[in-house]
Amino acid sequence: MTDGGPTLLEPGGTNAVGQMLGLLGDEWSLLILGHSSRGLTRYGEFREVMPISNSVLTHRLTRLTEHGLLERRIYRTNPLRAEYLPTARSRTLWPMMLAIWEWERSWTGPAGEALPLRRHETCGAEFAPLLTCRACGVPVEARDIRAAWGPSGGWERSVPASSTRRRPDSVPESLQYPQTLEIFGNRWSSALIGAAFRGMVRFSQFEVALGAPPTLIAERLRTFCNLGVLETRQHAQHPGRPEYHLTDKGRAFFPVTALSLHWAEKWFVSPEGPALVQTHTACGHDFVAHLACDQCRQPLVTGTITIVPVNEDRTAPEGTP
């Protein structure tokens, strides 16, 4: 598939949410796309910076190419050599990637604090991305958004049909954004955090909605609690039944979820209509996730953001945040 328009989905099939989770809910795919946004294009370059096997890298590159996030181009015929170029579909992931950077920097302790700062060249200030409503420009949190299933929605259509290997017990420390990969780098993890934002708190609710094996749900809930994204509380009427509630750290992950959903609806179109209908309760308009600079409140766009290198005074331009 070459760089082009959105994918038209089959009626009644996996919707935009499920398509997104199937593609981005995979740690290796996220890492490849992150390195691609920073200029890596060749197989050997990806292999050099990632602790990944040849078979897994080949599979992920093929899959990302088939789904329009990378374009395979032959640059030498003898011997045959190809490079993998970012497409418009992958380039528009930069707001989600920027939100991931901010969450890791703010919530993951020394590792996150070591990440370089970024400067907004429009105002000249070091900044943090601020999630806003595109209609009214007001900053939003999860509690400000009313969400309901759309014509192609429903849990059964939002769970990805594709399967991924069982993830390792822990993400190697050498990988970028390790806590994000624990939350979003697995299709069941990303589905579970979405369910938590939809208000689910009980084990049975997660089990019915996601349709995942109970042991897998239990393992993911335990991991989320260990990360401090969820916390357990005892049920008021049934003390032996814990509930799983989002913490401040968990709620702060909402921009990543909101921006990934916006990307999904843009690039995967169901004939019945959107999977999720979201309304900003303050202004009454459809909620479209948008990022602004927290210093000047101007919209963030590519080409206006630079990295402030650690312990250096100069800035280095960055094509896609």
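Reader: Which element gives the largest share of the lining of the second largest pocket?

Author: Before that, keep in mind that this is a predicted model. As for pockets in general, rolling a probe the size of a water molecule over the atoms shows where empty space is left. Here, the second largest pocket holds about 360 Å³ of space. Helix H10 (residues 187-197) supplies the largest share of its lining, with 6 residues.

Reader: Which residues lie nearest the centre of that second largest pocket?

Author: Look for Gly-194, Arg-198, Thr-257, Leu-261 and Leu-276, which lie nearest the centre among the 24 lining residues. Two or more lining residues come from each of these elements: H1, strand S7 (145-149), helix H8 (155-158), H10, H14 and strand S11 (276-280). By type, the lining splits into 17 nonpolar, 6 polar and 1 charged.

Reader: H1 is on that list. Are the residues of H1 buried or exposed?

Author: A helix has a handy rhythm to look for. An α-helix has 3.6 residues a turn, so residues three or four places apart point the same way. In this case, H1 spans residues 16-24, and 9 of its 9 residues are buried. Go along it and you'll meet Ala-16, Val-17, Gly-18 and Gln-19, among the buried ones. The buried set also includes Met-20 and Leu-21.

Reader: What reaches the backbone nitrogen of Val-17 at the start of H1?

Author: That's a side-chain oxygen of Asn-15, which comes to within 3.0 Å of that nitrogen.

Reader: Now the largest pocket. What is its volume?

Author: Its volume is about 480 Å³. There are 20 lining residues, and the closest to the centre are Val-140, Glu-141, Arg-251, Ala-252 and Pro-255. Helix H6 (94-107), strand S6 (129-133), helix H13 (248-251) and helix H14 (254-267) each give two or more residues to the lining. H6 has the largest share, 5 residues.

Reader: How many residues of that lining of the largest pocket are charged?

Author: Count 5 charged residues there, along with 14 nonpolar and 1 polar.

Reader: Let's try a strand. Why is S9 largely enclosed?

Author: Start with the usual pattern. In a regular strand the side chains alternate between the two faces of the sheet. For strand S9 (residues 242-246), 4 of the 5 residues are buried, so the rest of the structure largely encloses it.

Reader: Which strand pairs with S9, and in what sense?

Author: Strand S8 (residues 230-234) does, in the antiparallel sense, over 5 bridges. To find your place, pick out Thr-232: its bridge partner in S9 is Tyr-244.

Technical notes: Residues are numbered from 1 along each chain as its sequence is written. This is a predicted model: local features need pLDDT of at least 70, side-chain atom pairs count only at pLDDT 80 or more; totals for chains, interfaces and linings use all residues. Side-chain values use heavy atoms; hydrogens and water are left out. Buried means under 20% relative accessible area, exposed over 50%, partly exposed in between (1.4 Å probe, protein chains only). A polar contact is a pair of N or O atoms within 3.5 Å; within protein, one must be able to donate a hydrogen and the other to accept it, and residues adjacent in sequence count only if both atoms are side-chain atoms. Two strands pair if DSSP finds at least two bridges between them. On a 1 Å grid over the protein atoms alone, a cavity is a set of points where a 1.4 Å probe fits but cannot get out, and a pocket is an open set with protein on both sides within 12 Å along at least five of seven lines; lining residues have an atom within 4 Å of a point. Grid points are joined across faces, edges and corners, and a volume is the space filled by probe spheres set on the points. Ala, Val, Leu, Ile, Met, Phe, Trp, Tyr, Cys and Pro count as nonpolar, Asp, Glu, Lys and Arg as charged, and the others, Gly among them, as polar.
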